[in-house]
Each structure stands twice: as C-alpha cells, then as structure tokens.
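Visitor: Could you take me through the empty spaces of this protein, with a close look at its largest pocket and what lies around that pocket?

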Amino acid sequence: MTIRRIPTGPGLGRRRMLQGAGLSAFALGSPTLLSACGTESQKQTADSCKSTDKSDEEKVLVFSNWPEYIDIRGGRMPTLEQFETESGIDVTYDTDINDNLDFFAKVKDQLGSCEPIGRDIIVMTDSTAGRMIALGWMQELDKSNLPNVEANLIDSLRTPSWDSERKYSVPWQAGLTGIAYNADVTGEVTSFEEMLTRSDLKGKVGLLTEMEDTMAFMLVLEGADPEDFTDDEWQSAIARLEEVVGSGQVRRFTGNDYIRDLKSGNLAACMAWSGDIAAAEDERIPFVQPEEGLNIWSDNMMVPNRAEHKTNAEMLMDYYYDPVVAATLAAWVWYICPVEGAREEMERIDPSLVDNNLIFPSEEFLATTRDFMVLDEKTRQQYESDFRQASGG
C-alpha cells in the first residue's frame, strides 16, 4: 500500500477545542464516566416518550454544537444567518458541547426520564450518538423533510453500524484518526504496528485516551474487525496493549494536547486526528494514512426527545446539505465534508482546497477507513474499565 503524506494548511478543527480536563477525566475514570452507569434503566421508546412538534406556530430553533465548528466572518456566522433569512426561523446557536462524556452525563437524567433538555439539535460523535439512539432518547427523523440529505450524503457515511439507515442522525462533519510524526525527530512512520515496535521510537509514542480510536487499531493488529469483533478478540487486543504499555514504548495517552509534544519532539510519533494536524500548520508534521487503514468518525446532528421544533431542525439539517452551503462551511472548519457536490462548489469558493484529502478524501482513501462496533451499555462499561486499566489510567 502506498502511504500518502496528506497536505495540510490553516484551519481550526473542532477537536482542538476539546477541554483537556474532560479528556483527562476520561482517562482517569472520573465521576463523569461513572455517572454514565445505570442508564439501562433509563431506556425510552417512541411510545413511552412522546414529543410534540410546534414548528408550524413557533419559528425558532435551539442548536447545540461544539466550539469553533461553524463558519465565522467578522463575528458573524454567514451560513447560519442565511438560513434564518431564507427560512424565517430564529436560531439560538450554542457552543456548549465540549466533551461527549461530559455532555452525556449532563443530559442523561432528563432524557432518561423523558424530560426536555431545551435543545432541538445536538451534535454528538459516533459512539455517543449510538448510545443515545440505543437508549431511545432521540426522535426519528422525517426523511421527506431531508431531500438534500437523501440525495447528497456521501456513501461512506450512509450506513454507520450504530444507525445503519440514518433514521436518527445526519452527519455535521467527519474526520479521520491516523498517525502523525515529527520529521525532525524521526524518519517516516508508515504503520501503527511500526509505531508500537520500532526501538528508536521507544518512550516517544503517543496513543489516544479515546477508547474506540486506540482499540480499533489494536483490534486490527490482532486480526479482528473493529466493526464486528468477539470478546475473546477484545481481550487479546487489551493484552497486547498492556504489553506495549509495559514495554515502555508509549510515553503517554493523550487528548488533543498531543500537538504540543509532537511539535516539541517529546513525541516522535502518535495517533492523531486529521483536523488537528491541518490546524497545526507545521510542514514537519504530516498526517499519515497507516498501512492498517484509518478510523473514520462523524459528528452527528440529532433531535432529542421532547424537542418541540423537530421540523425546524430538519429544515436546518437539509439546508447544510446544499453543496454551496456545505462547501462554504468546509472551507472554514477543515474537516471531511459529508456532502456530495461540495467539492465542485469549492472550485469557486477556494480552489486550493479542492484536492485536500482532509476535506474531500478520494474514494481510494476512504476505502481504507473503518468504524467501531456498537456496544450495549453493560459491555461498554466493562470495556472502558479494561481500557483504563490497560492504559494505566
């Protein structure tokens, strides 16, 4: 397999904005993680938790997203303001999601009790989105209100294992997990296995505190499919991680703060998120497609139970799947654009981004990507415990 060094450039990715405290808390087994326990008893169904849509009489919408994840010009948000003008819907846009687990803990008691959370759209990363859907906390979307989504959602994001028919979710943006290295410190690193075994990298390797990201690669090394693996395969992957950590190969497990250590040379190579490396603007640090392939993830718009403006929310979702709007957004956020046709529109908006694999990956590039298997709550809690123990958390 040819290893591609992906061109990078300016931009500010959403994951750079994750709060270090939240990521560290995950690694250490914080009250946030513990508070997620017991959610099996909080399951809801469409029959047990009914919602009323007031979109016809109330032209408003509350949209909760991550910081720095929408186009901003001169303190204004052009695409969102255009939506308000065209639709007549007044949008309250909040950037109050800084960590998946923290937000899950923040709203689980209300959603688990069929109570409103005061938001019409929330944006969650794959595994957390899947958990919320499995618990019956999200409203099923009306696809008749989503013609642009139905027509323009890229194929690689149409059938995630946790929402295989996209009944409850629409991708906002997507990204990749691969590896990065500092060319001033080490030679090219072309595979995850190489990163874990090369003697010259010992003590200078970074892995991620996100269980799905790190363990997807460990499962692949054990010959398992991260989208469909057995408990025995999981235990083998955990045992291998324990061996790697015990050998001293890994300097530390990180959140997105790996960038500082990578730039300084404290880390020679590490697992990395595509948008972070683009935003780093450092020619010494390429984002690499490892031989084992890439993890792909998406941040997904969903409508919670008891949200009262579902149709308004669907109108906004569909608006962002207009290729012109999508390209405008992508030119600012620098993550994978989920909208077919946006690449052609980017020719007009910013031709320099048309061939950027961090925004518009080729089909060959995407063919190497994978998701992570959906876990029930009991299994997830056990696997998170296994991972914390193996990683030294």
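What follows is a walk through the largest pocket and its surroundings.

Guide: This is a predicted model, in which local features need pLDDT of at least 70 and side-chain atom pairs count only at pLDDT 80 or more, while totals for chains, interfaces and linings use all residues. Residues are numbered from 1 along each chain as its sequence is written, and side-chain values use heavy atoms, with hydrogens and water left out.

The largest pocket (on a 1 Å grid over the protein atoms alone, an open set of points with protein on both sides within 12 Å along at least five of seven lines) has a volume, taken as the space filled by probe spheres set on the points, of about 310 Å³. Its lining, meaning residues with an atom within 4 Å of a point, counts 16 residues, and I154, E340, P361, E363 and L366 lie nearest the centre. Two elements give two or more residues to this lining, helix 14 and helix 15 (363–366), and helix 14 gives the most, with three residues; helices here are DSSP runs of H or I with at least four residues.

Two of those central residues, E340 and E363, also belong with E344 and E347 to a negative surface patch, E344 having its place in helix 14 (residues 342–349). Such a patch joins like charges within 9 Å, from residues with over 30% relative accessible area and no salt bridge, a salt bridge being a side-chain nitrogen of Lys or Arg within 4 Å of a carboxyl oxygen of Asp or Glu. Accessible areas come from the Shrake-Rupley method with a 1.4 Å probe.

As for enclosed space, where a 1.4 Å probe fits but cannot get out, the structure holds two cavities of 30 Å³ or more. The second largest cavity has a volume of about 50 Å³, and its lining includes W172, Y320 and C337.

How values were computed:
Patch = residues over 30% accessible without salt bridge, like charges linked within 9 Å, V, L, I, M, F, W, Y side chains within 5 Å. Lys, Arg positive; Asp, Glu negative; His and termini not counted. Charge placed at Lys NZ, Arg CZ, Asp CG, Glu CD.
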